[in-house]
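Here is a set of short exercises to work through with the structure open in your viewer. Try each task yourself before reading the solution below it.

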Amino acid sequence: MPVQADDVGASEARFLQVSRSRLVGQVRVSGAKNSVLRLLAASLLTPEKIVLRNYPDKLLDAIVHVGMLEALGKRCSVADGTLTIEEDRAPASELVWDGRSIRNTLLILGALVARTGAGSVPMPGGCNLGERKTDLHEMVLSKLGARVWWEGERLCAEAPNGLTGADIVLPLRSTGATENALIAGSLARGTTRLWNPHVRPEILDLAAFLTRMGANIVVHGQESIEITGAERLDGITHRVMPDNMEAMTWVIGSVVTGGDVEIHDFPAQDLEVPLIFLRESGAKIFRDGDVAIVRSGRPYPVEISTGPYPGINSDMQPLFAVLGACARGESRIVDLRFAGRYAYLREFARMGIESDVRDGTAHIHGSAAIRGAEVRALDLRAGAALSLLGMVADGQTRIADAWQIERGYDNFLAKARALGADMSYSQ
Ligand SMILES: CC(=O)N[C@H]1[C@@H](OP(=O)(O)OP(=O)(O)OC[C@H]2O[C@@H](n3ccc(=O)[nH]c3=O)[C@H](O)[C@@H]2O)O[C@H](CO)[C@@H](O)[C@@H]1O
Ligand SMILES: C=C(OP(=O)(O)O)C(=O)O
């Protein structure tokens with residue numbers, strides 16, 4: 001079945017209505033947004049067939065990304081949770097796209113310049129988390145020998161004679177810049193050594209993917225990654241890893257609703273540190289292989305700061321804030337990755353949750369009196385957090401821009417409803 005890029009617009013006008021619920025039952029975690037997107041970008045590196053199993057085919061950002069691949073000339077089809085990507089001719093260098101953009105256009109640029117010697121992509125999209133610079137991506141491609149420039153709202157790069165491996169030092173552990181160095185370095189001549197990379201599960205998985213395609217990649221812990229490019233990369237079949245953010249969402253949803261949820265394909269190995277904090281905050285989690293059972297629990301206040309892996313990912317903090325909101329006492333959250341990613345607290349306030357932000361720390365005052373309200377999903381994780389709060393609130397919650405949730409959760413509504421969430425879309 002061809003991928004329907006039209007699906008993207010379909011849900012944009014809808015509210016998500018949520019009422020008090022208790023999550024009970026089984027759920028299987030889907031393929032991860034923040035992994036599959038980089039695999040999709042990497043598929044541009046080869047003329048051969050790439051097959052992705054455990055593909056999250058309802059995830060809006062993946063649908064947009066596949067649309068972008070098609071706009072570049074790839075042929076994509078989805079059947080039974082498997083995406084197949086093929087091509088009849090080399091991809092275009094210019095991504096012509098007037099739909100919603102995604103953060104991944106930066107990786108598409110790296111892949112295009114590596115494969116075709118030139119690339120031009122629309123401004124990256126993604127969550128509005130305050131300033132999201134692109135300087136490190138530009139630096140990586142420049143160090144590999146590309147000329148990089150902005151043309152209005154488009155980022156362009158060219159390296160007519162191909163990219164050449166280089167020593168690159170990242171001033172901070174950027175996820176995207178690490179991924180761009182891996183992707184572009186895999187088709188560069190010679191060896192790239194990337195110092196101070198962000199080594200996290202999605203990145204190790206990308207490195208394994210590129211290695212199986214034919215690049216030679218050695219990860220020296222958090223110190224550096226060595227990438228020796230290949231002249232040509234092969235097609236492969238790969239299983240998309242489970243989404244640790246989705247897993248966290250069901251864990252916290254079960255805790256705050258006093259639920260009893262069995263989570264399958266649970267990536268516990270990727271969540272060691274967050275799970276320690278979750279247990280400290282009252283989650284009762286039992287494990288058996290790749291299944292986790294989360295049985296009620298009583299939320300206690302949280303004190304966390306976000307940081308690179310294995311620390312708590314910035315994306316998780318709005319969900320920790322839900323725990324804090326439901327606990328008795330004050331919770332404190334510091335986001336060191338995206339300073340000031342606390343806009344969602346204004347929406348929490350509409351539901352009766354008091355908080356204040358002082359010196360970069362969010363102080364959340366837990367409340368027993370959370371009430372349903374009309375709120376807005378300012379970004380993807382903020383939307384997911386509001387949907388969980390809606391399940392513990394008195395009265396109905398209506399979440400505007402709920403499509404943001406679907407950007408990063410595969411089948412969110414159907415899965416939540418199957419667990420007993422009183423949730424539906426309305427106009
Ligand atoms: C699609 C995807 O996987 N997105 C994730 C990725 O985003 P993303 O790759 O955009 O995030 P980065 O890890 O690059 O960002 C970390 C920090 O580096 C800064 N920075 C980043 C790039 C740059 O060129 N210059 C610069 O200064 C950012 O402003 C931020 O303060 O990692 C973030 C956490 O690290 C997560 O919240 C996002 O969900
Ligand atoms: C911030 C996120 O993603 P993106 O980088 O795509 O905006 C996220 O997944 O929470």
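The exercises below concern a predicted model, and each one comes with a worked solution.

**Exercise 1. The two domains**

Task: Find the domains of the chain and describe the side of domain 1 that touches domain 2.

Solution:
- Start with the bounds. The domain assignment gives domain 1 as 7-29 + 242-426 and domain 2 as 33-239.
- Next, take the centres over C-alpha atoms: those of domain 1 and domain 2 are separated by 29 Å.
- Now look for contacts. On the domain 1 side 20 residues take part, and they meet 19 residues of domain 2.
- Ask which elements supply the domain 1 side. Helix 1 (7-10) and helix 13 (403-408) are the ones that give two or more residues, and helix 13 gives the most, with 4 residues.
- Finish with the classes: this side of domain 1 has 9 nonpolar, 3 polar and 8 charged residues.

**Exercise 2. The place of ligand 1**

Task: Work out where ligand 1 lies with respect to the two domains.

Solution:
- Collect the shell first. Ligand 1 is surrounded by 21 residues, the closest being Asn34, Leu136, Ser174, Thr175 and Gly176.
- Map the shell onto elements. Helix 2 (33-42), helix 5 (135-143) and helix 6 (175-185) are those that give two or more residues.
- Sort by class: the shell around ligand 1 has 5 nonpolar, 9 polar and 7 charged residues.
- Draw the conclusion. Because both domain 1 and domain 2 give residues to the shell, ligand 1 lies between them.

**Exercise 3. The shell around ligand 2**

Task: List the residues around ligand 2 and say which elements and domains supply them.

Solution:
- The surrounding residues are Lys33, Asn34, Arg103, Gly126, Cys127, Asp315, Leu380, Arg381 and Gly408.
- By element, helix 2 and helix 12 (380-392) each supply at least two residues of this shell.
- By domain, at least three residues come from each of domain 1 and domain 2.
- By class, the shell around ligand 2 has 2 nonpolar, 3 polar and 4 charged residues.

**Exercise 4. The largest nonpolar core**

Task: Describe the largest nonpolar core, then follow one of its best-connected residues, leucine 389, outward.

Solution:
- It helps to recall a general tendency: in soluble globular proteins, nonpolar side chains tend to be buried together.
- Here the largest nonpolar core has 138 residues, and Val322 and Leu389 have the most contacts inside it.
- Helix 12 gives the most to this core, with 9 residues.
- Both domains take part: the core draws at least three residues from each of domain 1 and domain 2.
- Now follow leucine 389. Beyond its neighbours within four places in sequence, leucine 389 is in contact with Val322, Ala325, Phe348, Met351, Ile370 and Thr397.

**Exercise 5. Helix 10 and cysteine 326**

Task: Decide why helix 10 counts as largely enclosed, and name what covers its buried residues.

Solution:
- Helix 10 spans residues 317-326, and 10 of its 10 residues are buried, so the helix is largely enclosed by the rest of the structure.
- The cover of these residues includes helix 8 (244-256), strand 17 (303-305), strand 18 (330-334), helix 11 (344-350), strand 20 (361-365) and helix 12.
- Check one residue of the helix by counting. Cysteine 326 has 27 C-beta neighbours inside 10 Å and therefore counts as buried; the cut-off is 20 or more.
- Leaving aside neighbours within four places in sequence, cysteine 326 is in contact with Val256, Pro299, Gly366 and Val392.

**Exercise 6. Exposure and backbone geometry**

Task: Is aspartate 80 buried or exposed, and which backbone features deserve a look at proline 310, asparagine 196 and asparagine 411?

Solution:
- Aspartate 80 sits in the loop between strand 4 (74-79) and strand 5 (82-87). Since it has 8 C-beta neighbours inside 10 Å, aspartate 80 counts as exposed.
- For the backbone, keep the usual case in mind: most residues other than glycine have a negative phi, and most peptide bonds are trans.
- The peptide bond from tyrosine 309 to proline 310 is cis, with omega near 10 degrees. Proline 310 lies in the loop between strand 17 and helix 10.
- Asparagine 196 has a positive phi of about 60 degrees and belongs to the loop between strand 10 (191-195) and helix 7 (201-213).
- Asparagine 411 has a positive phi of about 65 degrees, and its loop runs between helix 13 and helix 14 (412-418).

Note on methods
Residues are numbered from 1 along each chain as its sequence is written. Chains are lettered from A and ligands numbered from 1 in the order in which they are written. This is a predicted model: local features need pLDDT of at least 70, side-chain atom pairs count only at pLDDT 80 or more; totals for chains, interfaces and linings use all residues. Domain bounds come from an automatic or database domain assignment. Two residues are in contact if their C-beta atoms, placed from the backbone, lie within 7 Å. Ala, Val, Leu, Ile, Met, Phe, Trp, Tyr, Cys and Pro count as nonpolar, Asp, Glu, Lys and Arg as charged, and the others, Gly among them, as polar. A residue is near a molecule or strand if its C-beta atom, placed from the backbone, lies within 6 Å of it. A nonpolar core is a set of buried Ala, Val, Leu, Ile, Met, Phe, Trp, Tyr and Cys residues joined through C-beta atoms within 7 Å. A residue is buried if 20 or more other C-beta atoms lie within 10 Å of its own, exposed if 12 or fewer, and partly exposed in between; C-beta atoms are placed from the backbone.
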